[in-house]
Amino acid sequence: MSSAASVPHSAHVQEHAHADSGKFHLFVQIAMLLGIITGVEIVIIYLPLAKWLIVTSLSVLSLVKFLYVIFYFMHLKFDKLFCTILFFIGLVLASGTAAALLAIFSAKDSIPETAKVIYAERAAAAATAQ
Amino acid sequence: MSAHAGTIDHHHDHTTTTGIPNKKLFMWAFLASDCMFFAALISTHVIYRLHPTPDSPDVTKIFSIELTSFSTFILLMSSLLMALAVGASQKGKVEATRKMILGTIFFGLIFLGCQVYEFTHFVHLGLTLSSSMFGATFYTLTGTHGVHVAIGVVWLVLTYIRTFKPANAGKAWVVRAVVQFTAFAVATVAMMVVMLAVTHAGAENGYDLSALVHGIEHSAAASIVLAVSCAVLVGLSRSSWAVDFGEANAIDVEGMGLYWHFVDIVWIIIFTVVYLLEYL
């Protein structure tokens with residue numbers, strides 16, 4: 001009886017050990033990939049490419065790193081969907097706030113008149129000093 | 001991937017209506033709110049970089065892309081160790097959890113050391129919190145991130161100490177825990193002092209073995225304190241008793257891991273937006 005029970009038990013243990021080993025290798029591979037992407041990012045900024053292309057490449061690579069960390073290291077891929085929704089609510093609100101701020105402050109009218117005077121005075125003083 | 005899902009999902013707490021432990025739910029909600037906090041800081045920095053004030057310095061002459069890249073790599077690797085620590089705790093492997101947490105602490109301290117060195121270097125070059133708008137937004141953003149890392153390190157140390165709690169804990173354990181935490185704090189400060197002394201000696205005379213010797217000589221007291229506190233930590237890291245830490249505590253380690261990984265993803269954005277984009 002005991003030997004019959006130990007067979008499925010050892011199979012279960014082996015399956016668990018295999019899954020653990022697989023997860024370990026997956027995490028190590030992702031970490032190596034993140035390191036390589038960081039290296040690529042550093043090389044890209046020195047390449048003689050169009051500015052828009054470099055900015056786009058850096059944004060995409062950062063996004064890839066970001067997604068790998070949240071979905072694998074932070075287990076979102078394996079967790080309940082509710083965790084992903086909860087985090088993405090904050091992320092969307094944060095991105096929206098950032099986009100709105102950048103849009104607002106891109107408008108020339110958003111710069112206060114007093115600040116314009118101060119900036120002009122400083123620029124003139126810097127030019128005189130040079 | 002579905003094979004891995006089975007190894008993680010069994011930690012879900014079925015006593016809650018969502019099936020997700022309250023601690024984990026709280027942590028995700030907190031991280032979502034922290035996203036907005038960092039978005040405000042990053043936006044402020046970017047706005048002033050797009051509309052620079054006349055007193056803005058030439059940052060490419062101040063930044064050290066090598067140092068920042070190194071600290072970025074260190075933080076990414078600390079995330080790997082943190083993920084492994086969470087995995088080990090979920091399997092009830094206390095010894096492996098301790099080792100991975102210690103590794104994460106070590107990498108976190110290296111990152112903080114790099115930031116301390118970077119800030120010191122910038123201040124020597126004249127970039128302070130009040131020297132320019134760039135200084136104000138840069139130090140506020142990276143300093144806030146650094147504080148998050150420091151809080152993460154303290155949390156990791158506390159969790160590491162918690163793994164030694166005996167099954168029949170008495171007052172003696174509290175005293176032991178306080179001594180262990182104090183030794184960690186003293187060792188950290190002493191290590192920072194020694195590392196800064198070695199780095200400055202290296203910057204003046206070149207990075208070789210003599211720089212290491214000079215640095216240690218200049219910080220002899222700190223080196224002795226570091227050695228003593230490390231000896232205390234090694235002595236206290238041995239436990240032969242049954243501990244009150246196992247698979248049931250995995251959710252605590254997981255919550256801490258979520259926080260640590262969040263600090264990592266914030267740095268991924270800061271590294272690109274604040275540092276790399278300046279070189280275009």
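Putting chain B and chain A together buries about 4,900 Å² in this predicted model, and carbon and sulfur atoms supply 80% of that area. On the chain B side 57 residues take part in the contact, against 52 residues from chain A.

Charged pairing between the two chains comes down to a count of 1 salt bridge. That bridge joins the side chains of Lys24(B) and Asp79(A), with 2.7 Å from N to O. As for polar contacts, 4 residue pairs turn up across the interface, with both partners at pLDDT 80 or more. On chain B, the elements that put two or more residues into the side touching chain A are helix H1 (2–9), helix H2 (22–50), helix H4 (65–90) and helix H10 (250–275). H2(B) gives the largest share, at 14 residues. Sorted by class, this side of chain B holds 36 nonpolar, 15 polar and 6 charged residues.

Then there is the matter of pockets. The largest pocket encloses about 740 Å³ of space. Its lining is made up of 28 residues, and those nearest the centre are Phe66(A) and Ser95(A) from one chain, plus Ile42(B), Ile269(B) and Val273(B) from the other. Two or more lining residues come from each of helix H2 (51–73) and helix H3 (81–106) of chain A, and likewise from H2 and H10 of chain B. H2 and H10 of chain B also appear among the helices that give two or more residues to the side touching chain A. By class, the pocket lining has 23 nonpolar and 5 polar residues, with no charged ones.

Technical notes
Residues are numbered from 1 along each chain as its sequence is written. Chains are lettered from A and ligands numbered from 1 in the order in which they are written. This is a predicted model: local features need pLDDT of at least 70, side-chain atom pairs count only at pLDDT 80 or more; totals for chains, interfaces and linings use all residues. Side-chain values use heavy atoms; hydrogens and water are left out. Contact means heavy atoms within 4.5 Å. Buried area is the accessible area (1.4 Å probe) that two parts lose on being put together, summed over both. A salt bridge is a side-chain nitrogen of Lys or Arg within 4 Å of a carboxyl oxygen of Asp or Glu. A polar contact is a pair of N or O atoms within 3.5 Å; within protein, one must be able to donate a hydrogen and the other to accept it, and residues adjacent in sequence count only if both atoms are side-chain atoms. Helices (H or I, at least four residues) and strands (E, at least two) are DSSP runs, numbered from the N terminus. Ala, Val, Leu, Ile, Met, Phe, Trp, Tyr, Cys and Pro count as nonpolar, Asp, Glu, Lys and Arg as charged, and the others, Gly among them, as polar. On a 1 Å grid over the protein atoms alone, a cavity is a set of points where a 1.4 Å probe fits but cannot get out, and a pocket is an open set with protein on both sides within 12 Å along at least five of seven lines; lining residues have an atom within 4 Å of a point. Grid points are joined across faces, edges and corners, and a volume is the space filled by probe spheres set on the points.
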